[in-house]
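Student: Could you take a close look at one part of this structure for me, the place where the domains meet? I'd like one connected walk through it.

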Amino acid sequence: MDHLYYNLNQTNPLIVYAARGDVNGDKIPDNVYLTGIRTPDSPFIQNITLVIQDGRTGQFARIPLSSDAGYNPTLFLGDFTGNGVQDIMISIASGGSGGMMYYYIYSYMMNKPQLIFDYNVFNETYQYDVIYRDYYKVEVIDRTNQQKYIIDISQRGREYLSEIYNRNGRLKQPIRGFVNPLSGLYPVDFDSNGVYELLAYQRIAGRYNADSLGNVETTLKWDKRQFTQIQQVVSVFGSQA
């Protein structure tokens, strides 16, 4: 990816987040920034850009992001690939009602930016069917890995269930829900070896977006070429005992 060197003092964008660590592998800490243009009287930020200052030379590299507008942009530096060098994780809140987040992870080894995680690729890869079944069950099917999960909604309350089921527990009509795009991505070193895995959250919705049924939780690990799934579970919300 092309990147331009420039002096931060000669640009209009402001630094909206900063971190420090060796991201190019030369053992010298680098300065890593997110810059952007703040909207007057609003927390909304546009033209969010990744900027890296080489700790040895002082030079700046500018890396534009595909989704470069949103709220609360943050950085996390950590080794995701196992090469002993910190990678750069970027998080941006979209501000949409579904809680969708934008996530990117860049490797910057030897000053060469490589996008190793893109939230759009993740969302396109993991596709689901959410199907209401008779007798107060909802199937969640991961079409990518051909895994099926069953959610019991029998404790959701009489008013909710009566809109969907007859008295005998059969559906009044076919109903499908959906799984939202990525709403949470968390770096976790599950095996305490200094290399971070990723824990991804996607919310399961029923008849409408606010009708939450649970979450799909997918654990990803770098396999020398890409992040691959090592575990997936569906978590559900509890009810009053």
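Tutor: Sure. One term to start with: buried area is the accessible area, taken with a 1.4 Å probe, that two parts lose on being put together, summed over both. Keep in mind that this is a predicted model. The protein chain has a mean pLDDT of 93, with 95% of its residues at 70 or more. The weak spot is residues 1-11, where the pLDDT is below 50, although that stretch still has 28 contacts in the model beyond near neighbours in sequence. Where pLDDT is low, the predicted coordinates should not be read in detail.

Now to the domains themselves. The chain splits into domain 1, covering 14-119, and domain 2, covering 126-236. Their C-alpha centres sit 29 Å apart. Across the boundary, 17 residues of domain 1 are in contact with 17 residues of domain 2. Between them, domain 1 and domain 2 bury about 1,400 Å², and 70% of that is on carbon and sulfur atoms. On the domain 1 side, look for F80, Y103 and F117: they supply 33% of the area that domain 1 buries against domain 2, more than any other three residues.

What about polar links? Domain 1 and domain 2 have zero salt bridges between them, but three residue pairs are in polar contact there, both partners at pLDDT 80 or more. As for where the touching side of domain 1 comes from, strand 5 (71-78), strand 7 (101-107) and strand 8 (114-118) each give at least two residues to it. Strand 7 has the largest share, with three residues. By type, the residues on this side of domain 1 come out as ten nonpolar, six polar and one charged.

If you're wondering about salt bridges elsewhere, a search of the whole structure turns up eight. One of them joins D129 and R143, whose closest N and O atoms are 2.8 Å apart. D129 belongs to strand 9 (residues 128-133), while R143 is in the loop between strand 10 (137-142) and strand 11 (147-152), so this pair ties together parts that are 14 residues apart in sequence.

So if you open the viewer, start with F80, Y103 and F117 on domain 1, then turn to the D129 and R143 pair.

Note on methods:
Residues are numbered from 1 along each chain as its sequence is written. This is a predicted model: local features need pLDDT of at least 70, side-chain atom pairs count only at pLDDT 80 or more; totals for chains, interfaces and linings use all residues. Side-chain values use heavy atoms; hydrogens and water are left out. pLDDT is the predictor's confidence in each residue, from 0 to 100. Contact means heavy atoms within 4.5 Å. Domain bounds come from an automatic or database domain assignment. A salt bridge is a side-chain nitrogen of Lys or Arg within 4 Å of a carboxyl oxygen of Asp or Glu. A polar contact is a pair of N or O atoms within 3.5 Å; within protein, one must be able to donate a hydrogen and the other to accept it, and residues adjacent in sequence count only if both atoms are side-chain atoms. Helices (H or I, at least four residues) and strands (E, at least two) are DSSP runs, numbered from the N terminus. Ala, Val, Leu, Ile, Met, Phe, Trp, Tyr, Cys and Pro count as nonpolar, Asp, Glu, Lys and Arg as charged, and the others, Gly among them, as polar.
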